[in-house]
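Hi,

Here is the structure I said I'd pass on. Have a look at it first, and then read my notes underneath.

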Amino acid sequence: MSSAVKIFQGRFGRVALLDMNAPLVGHAHHHCHILIKAGGADSAFRVRGERAPLTDDMAVLINAWEHHAYEHEGPQGEQTLILALYIEPGWLAEIQRSLALSAHPRFFPQSGVRLNAATRKITEEFVLELWWADEVSPGRLEDLLFNLIIAVIESYSGWRDLSALLKLKPPVAMDPRVRQAIALMKQDVTHDFDVDHLAASTGLSRAHFFTLFQRFTQVTPLVYANVLRFEAAVQRLTQSSEPVGDVAHGLGFSAPGHFSRFFRAHLGITPSDYRRVVNLFEPPARAAADTSADLI
């Protein structure tokens, strides 16, 4: 069974050290996503239908709202230790303004990047500090995290090249009917997804709504709804002490087991495991405000 070694959550997003031995369903994040193999067997992700290898020399880069799935390829019973970075673009922009474009759906031009020896060393030091340290201060963690991110993308994303960044086309303004549908989805994440109801609410046919939604968000309506539900689950698990069964009920799951399977399918671990290993680096109220703002 896959497990989490440690998870750190704060205004930077999430940093997770995951010991994986099973695939994950196709999903997305509003975060800028970087995945680095920290040990074990080679593996891979599928990003927009293309295979992206995860090896000692290759990291996987996934843009905000880019559809992807983990495909565990190691021998049966062999684990892959993954350092998974879920980075808030707003946090990067606070440190380096040009990195505000990390929220752009084409910030990473490709899904794979080769790691040089220096970057692998920075990764090893980062993992060892997270693994062994009893406590890591917020300032120390953010410094380590930022340095690691820059080491990975330094020669790849062109983020220092202002002229190149200015040539990136800004995302197309979202169709108001899609915005209306998203607003309805956010009003209540506790009900099972109903695409027919959403389409009718926006005055579109099912097929037209599906096509329009995917054109502007890069993902299907169901994937988007699952992102909202998953992030709501993370908030409730980290910002309250209510039993996991109550969290499941509050999110509309008919049984705790259904909630556990949903959560594990998206992250590889159970809700109880997440709560057990997560370390918070900011007040819950601020975390809630930041997350809801970034999902708009």
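**What I found**

Start with helices α5 and α7: from α5, Arg177, Val178, Ala181, Ile182 and Met185 meet His208, Phe209, Leu212, Phe213, Phe216 and Thr217 of α7. Sorted by class, the residues of this α5 and α7 contact are 8 nonpolar, 2 polar and 1 charged. As for geometry, α5 covers residues 176-187 and α7 covers residues 206-217, and their axes cross at roughly 90° and come within 10 Å. That puts α5 roughly perpendicular to α7.

Before going further, a word on how far to trust this: the model is predicted. Mean pLDDT for the protein is 86, with 88% of the residues at 70 or more. The stretch to treat with care is residues 283-296, where the pLDDT is below 50. That stretch still has 22 contacts in the model beyond near neighbours in sequence.

Overall, the protein has 12 helices and 10 strands. Of its 296 residues, 50% are buried. If you take the contacts between residues at least 6 apart in sequence, 73% of them join residues at least 24 apart.

The helix I spent some time on is α8, residues 221-239. With 19 residues at 1.5 Å each, α8 should span 27 Å, and its end C-alpha atoms are indeed 27 Å apart, so the two agree. Is α8 enclosed or open? Here 14 of its 19 residues are buried, so the rest of the structure largely encloses α8.

One of the partners of α8 is α10, residues 256-267; the two pack at about 105° with their axes 11 Å apart. By that angle, α8 is roughly perpendicular to α10. Which residues of α8 and α10 meet? On the α8 side they are Asn226, Arg229, Phe230, Ala233, Val234 and Leu237, and on the α10 side Phe259, Phe262, Phe263, His266 and Leu267. The contact of α8 with α10 divides into 8 nonpolar, 2 polar and 1 charged residues. The spacing within such a set is easier to read if you recall that an α-helix has 3.6 residues a turn, so residues three or four places apart point the same way.

Last, a single residue in α8: glutamine 239. Glutamine 239 is partly exposed, with a relative accessible area of 30%. Its C-alpha atom is 9.9 Å from that of arginine 275, and the two residues are 36 apart along the chain.

Shout if you'd like to go through any of this together.

How values were computed: Residues are numbered from 1 along each chain as its sequence is written. This is a predicted model: local features need pLDDT of at least 70, side-chain atom pairs count only at pLDDT 80 or more; totals for chains, interfaces and linings use all residues. Side-chain values use heavy atoms; hydrogens and water are left out. Helices (H or I, at least four residues) and strands (E, at least two) are DSSP runs, numbered from the N terminus. The expected span of a helix is 1.5 Å times one less than its number of residues. Buried means under 20% relative accessible area, exposed over 50%, partly exposed in between (1.4 Å probe, protein chains only). Axes are lines fitted to C-alpha atoms, for helices over the stretch in contact, and angles run from 0 to 180 degrees between N-to-C directions. Angles under 35 degrees count as roughly parallel, over 145 as roughly antiparallel, 65 to 115 as roughly perpendicular and the rest as oblique. Contact means heavy atoms within 4.5 Å. Ala, Val, Leu, Ile, Met, Phe, Trp, Tyr, Cys and Pro count as nonpolar, Asp, Glu, Lys and Arg as charged, and the others, Gly among them, as polar. pLDDT is the predictor's confidence in each residue, from 0 to 100.
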